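Student: Let's go through this one together. Put it up and I'll ask as we go.

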Amino acid sequence: MKSCLTRQYTSILQLRLSLFSHIPKNIPPRKTMDSQGATTSHEGIKTVRADNRCDFSSYSDLCVSVVTWNMNGQVCYEDLAELVGNSRKSDLLVVGLQEVPRKNISRLLKAALLDSHILLGKAIMQSIHLYVFGPKDSDLFIRELKMDKRSVGCFGGLLRRKKGAVAIHLYYKGIPMVFISCHLSAHAHNVEKRNSEFRDVSESLFSGKLNPYAKPPQITVWLGDLNYRLQGIDTYPARNLINNDLQRLLTCNDQLLQEAGRGQIFEGYSEGTLTFKPTYKYDIGSSNYDTSYKVRVPSWTDRILFKTKDSDEIKATLHYYGSMDDIHSSDHKPVKAHICLKLSKPL
C-alpha cells in the first residue's frame with residue numbers, strides 16, 4: 001500500500017514538473033502608450049474568489065444569475081430545464097447560448113420557467129442567442145431595453161456555427177447594464193484572431209445607438225464560448241492533472257488569461273477562480289473528454305467575465321462560478337455565475 005501511494009505521489013509530482021516546464025518565464029505586464037504618451041501597464045483579468053454565499057435582498061441592491069452554454073446544435077428539454085433551474089434567488093436570469101439548433105428555444109425556456117419568470121428581452125443572431133428573464137412583474141422595473149449584434153468572420157453562419165456576439169442594454173431598477181453573449185473563432189492557433197474579434201465586438205456594439213448623454217453601463221457582463229484554449233501542454237498530462245483534481249495548475253496555460261495579462265483583451269474585467277474542470281471538449285452523452293482521433297486538449301472555452309464602471313459607485317460581488325457537469329447533450333459543459341451588486345448611494 002505504501003509503495004502504491006509513493007508511486008501515485010511521484011506521478012503527480014512528475015506531472016507538476018512537466019506542466020511547469022511549459023510555463024513562459026518572467027512575462028512582464030504589457031505596456032503601451034496612451035494618447036498623451038504616458039506608459040500604461042496592464043494588469044490583466046482580476047481573479048476573484050466566489051464566496052458561495054448570497055446576501056440577496058439583505059445587503060445587495062441587485063442579484064443576477066448568469067449561464068452560458070454551447071449547445072453543439074443539439075436540444076434536450078430536460079437539459080434546458082436544468083440549465084435555468086436555480087435554488088438561488090435573483091432579480092435577473094441571463095442565458096447566453098451558442099451553436100443553437102433550429103428550434104424554438106425561446107418557447108422551451110419560457111416553458112421551463114413558466115411558474116417563476118417572464119421573458120424581459122432577447123437578442124438572436126442565427127446560432128447565437130441571449131435571453132434576459134426576471135421574476136413575474138419584474139417588467140415594471142425595466143426601461144430603455146435595446147438589442148444589438150455584431151457578426152465576425154464569413155462562413156460560420158452557413159453551418160449554423162455563427163461567430164460574433166449579441167447584446168442587450170437595459171436599465172433595471174435604475175441601474176444601466178449590458179449583457180453580451182458571444183462565440184469567437186475556434187482552434188488553438190487562432191489566438192490573435194480571437195483577440196481581434198473581441199476588440200471588434202467591443203467597439204461596435206451599440207456604437208451610435210444609445211443616447212450619448214445617457215449614463216454609461218455600471219456593469220458589463222461577457223458570457224459565451226470565447227474559445228481560448230490551453231497551450232504549452234499536451235492532452236494527456238493535462239487530463240492527468242484534471243483526474244487528480246489539480247486543474248487549477250492549468251490556469252497558467254490558459255490563453256485568455258495570458259492575452260489579458262498582455263493587455264490585448266478584457267482590460268479591467270474580473271472573473272471567478274477557475275476551480276472547475278475545463279468545459280470542452282467532451283464526448284457527447286458522457287463526462288469523458290474527447291476520445292476522437294484528435295484527442296483535443298481540454299480547455300476552459302466557456303467563460304463569464306464582468307466589469308463595473310466605477311468601484312466607488314457600485315460594488316460587484318461574485319457568489320458562485322462553476323460548471324454544470326451533469327448536462328451531457330453537448331460537447332461543452334455549461335458555466336454559471338451569480339453576481340450581486342451594491343450601490344454606494346441610491347439612484
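**Turns, loops and the sheet**

Tutor: Glutamine 126 is partly exposed, at 36% relative accessible area. Buried means under 20%, exposed over 50%, and partly exposed is in between, with a 1.4 Å probe and protein chains only.

Student: Where does glutamine 126 lie?

Tutor: Glutamine 126 is in the loop between strand 6 and strand 7. Helices (H or I, at least four residues) and strands (E, at least two) are DSSP runs, numbered from the N terminus.

Student: What kind of model is it, and how are residues numbered?

Tutor: The model is predicted, and residues count from 1 along each chain as its sequence is written. Local features need pLDDT of at least 70, side-chain atom pairs count only at pLDDT 80 or more, totals for chains, interfaces and linings use all residues, and side-chain values use heavy atoms without hydrogens or water.

Student: Fine. What about phi at glutamine 126?

Tutor: Glutamine 126 has a positive phi of about 50°, although it is not a glycine. Most residues other than glycine have a negative phi.

Student: Now glutamate 99. What is its phi?

Tutor: Glutamate 99 also has a positive phi, about 50°, and is not a glycine. It sits in the loop between strand 5 and helix 3.

Student: Is glutamate 99 buried or exposed?

Tutor: Glutamate 99 counts as buried, because its relative accessibility is 9%.

Student: Zoom out. How many helices and strands are in the protein?

Tutor: There are six helices and 15 strands. The protein has 347 residues, and buried ones make up 48% of them.

Student: And how much of the contact set is long-range in sequence?

Tutor: Take the contacts with a separation of 6 or more. Residues 24 or more positions apart account for 73% of them. Contact means heavy atoms within 4.5 Å.

Student: Sheet next. What is the strand order in the open sheet of six strands?

Tutor: The order is 6-7-5-4-15-14, with mixed pairing. Strand 6 (117-125) and strand 14 (314-323) are the edges; each has a single partner strand, so one side of each lacks a neighbour in the sheet.

Student: How much does the sheet twist from one strand to the next?

Tutor: The twist averages 15° from strand to strand. Axes are lines fitted to C-alpha atoms, for helices over the stretch in contact, and angles run from 0 to 180 degrees between N-to-C directions.

Student: In what sense do strand 4 and strand 5 pair?

Tutor: Parallel. Strand 4 (residues 62-70) and strand 5 (residues 92-98) are linked by seven bridges. Two strands pair if DSSP finds at least two bridges between them. Within strand 5, leucine 93 is the bridge partner of serine 65.

Student: Which strands does helix 3 touch?

Tutor: Helix 3 (residues 105-112) packs on the sheet and touches strand 5, strand 6 and strand 7 (128-135). Its direction makes about 25° with that of strand 7.

Student: Past strand 7, where is leucine 140?

Tutor: Leucine 140 is in the loop between strand 7 and strand 8 (142-151).

Student: Why does leucine 140 count as exposed?

Tutor: Leucine 140 counts as exposed because its relative accessibility is 67%.

Student: How far is leucine 140 from lysine 173?

Tutor: Leucine 140 and lysine 173 are 8.8 Å apart, C-alpha to C-alpha, with their positions 33 residues apart in sequence terms.

Student: Last topic. Which residues does a cis peptide bond join?

Tutor: Tyrosine 280 and lysine 281 are joined by a cis peptide bond, with omega about 0°. Most peptide bonds are trans. Lysine 281 lies in the loop between strand 12 (270-272) and strand 13.
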